[in-house]
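Explain how the two protein chains of this structure are arranged, and then how they meet the two DNA strands.

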2 protein chains.
Amino acid sequence: MELSSPLTLEMLGKPFLLEKRIELLHAIAEHGSISKAAKAVPMSYKSAWEAVDTMNSLSPEPIVSRETGGKDGGGSTITSYGITLLENYALLKEEHTRFLSRLSALTDIESGTFKTIERLSLQISARNQIQAKVVSVQCENVNAKIHLKLKSGQVLVSVITKEAVENLQIEKGQIVTMIFKSSTVLLSDIHNEKSEENRLEGVISKIETDRENVKVQVDIGDHDTVVAVMPVTVLEKMELKIGSSVTATIKASDIMLGK
Amino acid sequence: MELSSPLTLEMLGKPFLLEKRIELLHAIAEHGSISKAAKAVPMSYKSAWEAVDTMNSLSPEPIVSRETGGKDGGGSTITSYGITLLENYALLKEEHTRFLSRLSALTDIESGTFKTIERLSLQISARNQIQAKVVSVQCENVNAKIHLKLKSGQVLVSVITKEAVENLQIEKGQIVTMIFKSSTVLLSDIHNEKSEENRLEGVISKIETDRENVKVQVDIGDHDTVVAVMPVTVLEKMELKIGSSVTATIKASDIMLGK
DNA sequence: TAGCGTTATATCTCTTAAGATATAACCCAT
DNA sequence: ATGGGTTATATCTTAAGAGATATAACGCTA
């Protein structure tokens with residue numbers, strides 16, 4: 001028993017972007033003409049042309065720019081607007097298939113029932129959500145210690161319950177999301193390499209304040225950022241400003257995992 | 001620009017349950033015969049019969065039991081297996097539409113771009129995920145304080161960044177999910193009503209231990225439970241056991257919100 | 001100017017899914 | 001028996017979508 005669920009974007013009630021058309025657009029980008037793209041997909045030229053035409057007329061801006069006559073008889077290319085559309089569709093699609101695979105993992109084939117009642121598909125308030133690879137999983141009876149490697153190569157430790165490890169089926173080699181609240185991140189301007197704590201080196205890229213609190217964004221490399229929130233008094237003592245290099249420390253027990 | 005994504009369950013690569021067929025099954029349940037159901041949907045008797053037949057032959061157990069001849073000429077009813085199947089499809093469908101509506105909320109109509117790059121649809125390690133209603137939202141420039149009412153009527157406070165409030169579009173009256181790690185929950189056996197902290201009264205319903213840590217499950221009423229994890233030494237001092245009534249305290253800054 | 005490969009368009013056929021219609025078989029009720 | 005309302009099945013028609021084919025218009029190239 002498998003789930004299938006084609007994703008289509010509609011405009012004014014009419015189908016706009018669907019899997020087949022996306023495939024066609026990619027083929028146009030690759031071959032530079034509708035006719036060649038149609039052969040590559042494969043589909044008839046008529047269908048291809050009609051698809052391109054309805055997409056262009058449905059879209060506020062053209063997606064494919066077409067030229068008839070000229071060098072090589074003309075041709076068609078994807079506009080920059082079309083390219084961003086393709087990129088965004090890919091993101092949507094990826095999220096959707098992620099969700100579906102998890103949904104189908106929860107459907108019991110025999111009895112047709114759910115294994116858990118937990119909400120899949122939660123959007124979370126935590127500002128820090130960073131992808132990392134599971135390096136090792138050490139399980140005790142209650143807690144489990146999980147080592148995680150960031151894109152930048154830095155290794156952090158997360159402690160969660162064994163129950164959670166089993167529930168999410170976390171295993172070595174997987175990519176998971178580290179989740180922690182910005183209020184659990186401590187910043188310091190000194191190098192203290194002795195301690196065993198989770199530490200991330202980075203550079204301050206943004207600071208926002210209000211009456212009581214300050215939010216500091218730290219760039220930790222490879223396009224990953226960490227956000228810390230603390231009382232303004234703490235920041236003033238440290239004399240931090242944009243461009244300062246700092247060390248962010250996060251307790252292992254403050255790092256949750258998501259999948 | 002709207003998203004549409006029909007959900008179909010497949011069996012051996014063949015379509016098994018889809019929206020139209022579910023509608024038909026409900027009509028059969030209501031009217032007691034395929035022919036009346038077909039008129040009610042509406043669809044031709046041929047399509048209805050074929051749909052029922054392929055579903056029955058694809059399914060390991062019959063979904064519709066059919067009788068030809070007899071009182072009122074016979075008729076068709078949904079088997080108990082079919083009923084659970086309908087119920088489970090409804091659950092799947094609900095999760096799916098939830099996800100889609102959130103996904104489409106993130107798609108910007110004008111530019112066709114995403115508002116966030118964050119992962120929607122995360123399954124989270126935190127053991128404590130409790131539904132609550134937003135009573136009030138107090139926004140500062142950096143942080144926001146949110147009052148939440150549980151099913152049992154108890155009110156807790158969560159502090160998250162203003163950015164998160166805007167991002168999740170959290171507003172008064174909504175139902176959200178409070179999320180906190182079991183290691184952030186403190187248990188005490190004494191009544192201390194002075195403090196301003198988040199406190200939940202409850203009864204211990206389960207205890208598990210390993211070499212270092214102990215996991216305590218507290219029933220806080222209305223089928224909600226809170227899980228706390230602490231070093232065994234702490235538990236020993238308090239002499240807690242199953243049935244003890246305790247107070248669980250959680251810092252406002254340790255409570256994340258999900259939607 | 002002739003040729004080329006393309007876009008743009010019209011027309012016809014083919015295929016497939018759905019509806020329409022007819023009818024047999026069934027079995028209880030009258 | 002007969003009638004009624006159903007399941008089960010076959011056949012014909014209809015509609016819609018996709019492919020096949022032909023051809024005009026286009027603008028660069030040689």
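**Two chains and two DNA strands**

In this predicted model, a rotation of 179 degrees, with 0.1 Å of shift along its axis, places chain B on chain A with an RMSD of 1.7 Å. The two copies are therefore related as by a two-fold rotation axis. Both copies use the same surface, since 100% of the contact residues of chain B recur in chain A.

The contact between the chains involves 65 residues of chain B and 65 residues of chain A. On the side of chain B that touches chain A, helix α4 (residues 80–106) of chain B gives the most, with eleven residues. That side of chain B is made up of 25 nonpolar, 23 polar and 17 charged residues. Strands also join across the chains: β2 (residues 8–11) of chain A pairs with β1 (residues 2–4) of chain B in the antiparallel sense, over three bridges. Within β1(B), E2(B) is the residue opposite E10(A).

Next come the DNA strands. DNA strand C is surrounded by 23 residues, and the closest are I34(A), S35(A), G73(A), S47(B) and G69(B). At least two residues each come from α2 (34–40), α3 (45–58), β4 (64–68) and β5 (74–78) of chain A, and from α3 (45–58) of chain B. The surface near DNA strand C has three nonpolar, 14 polar and six charged residues.

Around DNA strand D there are 25 residues, of which G69(A), I34(B), S35(B), T68(B) and G73(B) are the closest. Here two or more residues each are given by α3 of chain A and by α2 (34–40), α3, β4 (64–68) and β5 (74–78) of chain B. The surface near DNA strand D divides into four nonpolar, 15 polar and six charged residues.

Note on methods:
Residues numbered from 1 in each chain as written. Chains lettered and ligands numbered in written order. Predicted model: local features only at pLDDT ≥ 70, side-chain atom pairs only at ≥ 80, totals over all residues. Near = placed C-beta within 6 Å. Helix = DSSP H or I, 4+ residues; strand = E, 2+ residues; numbered from the N terminus. Nonpolar A, V, L, I, M, F, W, Y, C, P; charged D, E, K, R; others polar. Least-squares fit on C-alpha atoms with pLDDT ≥ 70 in both. Contact = placed C-beta atoms within 7 Å. Pairing = 2+ DSSP bridges.
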